[in-house]
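Reader: Before I rely on this predicted model for any calculation, I would like a close look at a single part of it. Please start from one side-chain contact and work outwards from there, giving the cut-offs as you go.

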Amino acid sequence: MSTTIKDPEMQTQICVQNIIAEEIEIMKHYKCSETCNGWCCKVYTVTFTKKDYFEIFSHVNPEIKQILRKNTRKIKFDPEAIILTDEPQFRKLIEKPCPLMTKNSRCGMYDNRPDVCQLYPFVTHNVLENNTIVILPCDMGVEIGLDSIYYTIEYVSVLRNRDEISEEQFREAIAIILRHTIVTYREKVDPKILEDSISSVFVIPAEFLSDFKKYVVTTSEEVRKQRCHAITMFIEKHLTDENPVSEQEIFDFVHHWRS
């Protein structure tokens, strides 16, 4: 028997939970690189739920408990911060870099870190407002982002093959996708830009997420890496303004790549 939910807030929460579930499955196929500099801990303030806080508190050692007591504060309910719950209270690490980061840029309570940290580089808040999933360009984020770029290009190519979009629309979409990818990748390789603020991110429409998850789950890591390598070589050729990418180069690259 099915139940119709009429409460908009409950519908929103269920939608977010579905998105989180897809992201969790995707994240199982990626891991932080050995050269990770811990940008997630250095650049972003960590927000997590009251439930998370006390769950973490019950599992960590006295030293970490003291750090948590000293560096967190209660904040009011904030719709912008909804990640995994609609609890009315959150706690927020107020210092950047995160005081739990170790000297070698690793998390001091990695096995007990908050859910929001476990889902990084995905950013899920506001997804229902703008209908997009944001992937931040840390090392792992670039890997996920480039996989999402490949999937999106394939999706647009299928639409073109079916004549559901015109050649002009196809070229325009591919050009936008790859130009945005170049800018995002440029920020990834420039730590100074990343440290100041991230203005460019990988973006995937929310309605693509489920199929993107299927692509990640059913495609071997070796094949995904080969495809990402092809995109990376193209991007790195055009990272500087002295060597801008033309629309014809973009089209030739995609045509050659898919032939």
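Author: A polar contact of 2.8 Å joins the side chains of Gln248 and Asp252, where such a contact is a pair of N or O atoms within 3.5 Å, within protein one able to donate a hydrogen and the other to accept it, and residues adjacent in sequence count only if both atoms are side-chain atoms. The model is predicted, with local features needing pLDDT of at least 70 and side-chain atom pairs pLDDT 80 or more, while totals for chains, interfaces and linings use all residues. Residues are numbered from 1 along each chain as its sequence is written, and side-chain values use heavy atoms, without hydrogens or water.

Gln248 lies in helix H12 (residues 247–258); helices (H or I, at least four residues) and strands (E, at least two) are DSSP runs numbered from the N terminus. With a relative accessible area of 41%, Gln248 is partly exposed, that is, between buried (under 20%) and exposed (over 50%), for a 1.4 Å probe and protein chains only. Although 73 residues separate Gln248 from Ala175 in sequence, their C-alpha atoms are 9.2 Å apart.

Going on to the interior, Ile231 touches Leu146, Ile149, Tyr150, Phe253 and Trp257, residues up to four places away in sequence not being counted, and contact here means heavy atoms within 4.5 Å. Ile231 is also among the residues with the most contacts inside the largest nonpolar core, which has 53 residues; such a core is a set of buried Ala, Val, Leu, Ile, Met, Phe, Trp, Tyr and Cys residues joined through side-chain atoms within 4.5 Å. Helix H7 (residues 139–161) gives the largest share of this core, ten residues. A second, separate core of 14 residues includes Cys41, Phe48, Ile56 and Ile64.

Ile64 leads to helix H4 (residues 62–71), whose buried residues are Ile64, Leu68 and Asn71. Seen down the axis of H4, these buried residues fall within an arc of 90°, so they line one face of the helix, the arc being that of the directions from the helix axis to the C-beta atoms. Pro62, Glu63 and Lys70 are exposed on the face turned away from the buried side of H4, and at the start of H4 a side-chain oxygen of Asn61 comes to within 3.1 Å of the backbone nitrogen of Glu63.

Returning to H7, its surroundings include an open sheet of three strands in the order S4-S5-S6, paired in the antiparallel sense, where two strands pair if DSSP finds at least two bridges between them. H7 packs on this sheet, touching S4, S5 and S6, and its direction makes about 45° with that of S6; axes are lines fitted to C-alpha atoms, for helices over the stretch in contact, and angles run from 0 to 180 degrees between N-to-C directions. Strand S5 (residues 132–135) and S6 are joined by four bridges; in S6, Val203 is the bridge partner of Val134, and Phe202 that of Ile135. Side chains alternate along strand S6 (residues 202–205), with Phe202 and Ile204 buried on one face, while Val203 and Pro205 point to the other and are not buried.
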